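Reader: Could you walk me through how to read nonpolar features in a model like this one? I'd like the general idea before each case.

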Amino acid sequence: MEGLFRFLASPWGRIVRAVVGLLLIFAGLVWIGGLGGGILGIVGLVPLLAGGFDFCVFAPFFGLPFNGSNLRRALKERTSA
């Protein structure tokens, strides 16, 4: 699981999260439409904002920090310990 969080905390992981968020918003508003599309668009805001503001929503569920820089530091400490 640490490998996944290492990727999510990396610059590429942040870019992927932001792109996935944009795709979810686009799919919800353009392809699906209606209430379901609006909900999907709102859900797409989570990975978009997480990538943009450097936080990881799922990390606290695994005992890791929410903030991206703290997450990277914690993962680095686990590797060196």
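Author: Gladly! A patch is made of residues with over 30% relative accessible area and no salt bridge, joining like charges within 9 Å or nonpolar side chains (Val, Leu, Ile, Met, Phe, Trp, Tyr) within 5 Å. A salt bridge is a Lys or Arg side-chain nitrogen within 4 Å of an Asp or Glu carboxyl oxygen, and accessible areas follow Shrake-Rupley with a 1.4 Å probe, only the protein chains shown counting as cover for residues. This is a predicted model, where local features need pLDDT of at least 70, side-chain atom pairs pLDDT 80 or more, and totals for chains, interfaces and linings use all residues. Numbering runs from 1 along each chain as its sequence is written, and side-chain values use heavy atoms, leaving out hydrogens and water.

Reader: Which residues form the nonpolar patch on the surface?

Author: Phe7, Trp12, Ile15, Val16, Val19, Val20 and Leu23, together with about 660 Å² of accessible area. Helices are DSSP runs (H or I, at least four residues), numbered from the N terminus. Helix H2 (residues 11-32) gives the patch its largest share, 6 residues, while Phe7 sits in helix H1 (residues 2-9).

Reader: Is Phe7 buried or exposed?

Author: Buried means under 20% relative accessible area, exposed over 50%, partly exposed in between (1.4 Å probe, protein chains only). Phe7, at 37%, is therefore partly exposed.

Reader: And which residues make up the largest nonpolar core?

Author: In soluble globular proteins, nonpolar side chains tend to be buried together. A core joins buried Ala, Val, Leu, Ile, Met, Phe, Trp, Tyr and Cys through side-chain atoms within 4.5 Å. Here the largest has 8 residues: Phe5, Leu8, Ala9, Cys56, Ala59, Leu64, Leu71 and Leu75. H1 supplies its largest share, 3 residues.

Key:
Helices (H or I, at least four residues) and strands (E, at least two) are DSSP runs, numbered from the N terminus.
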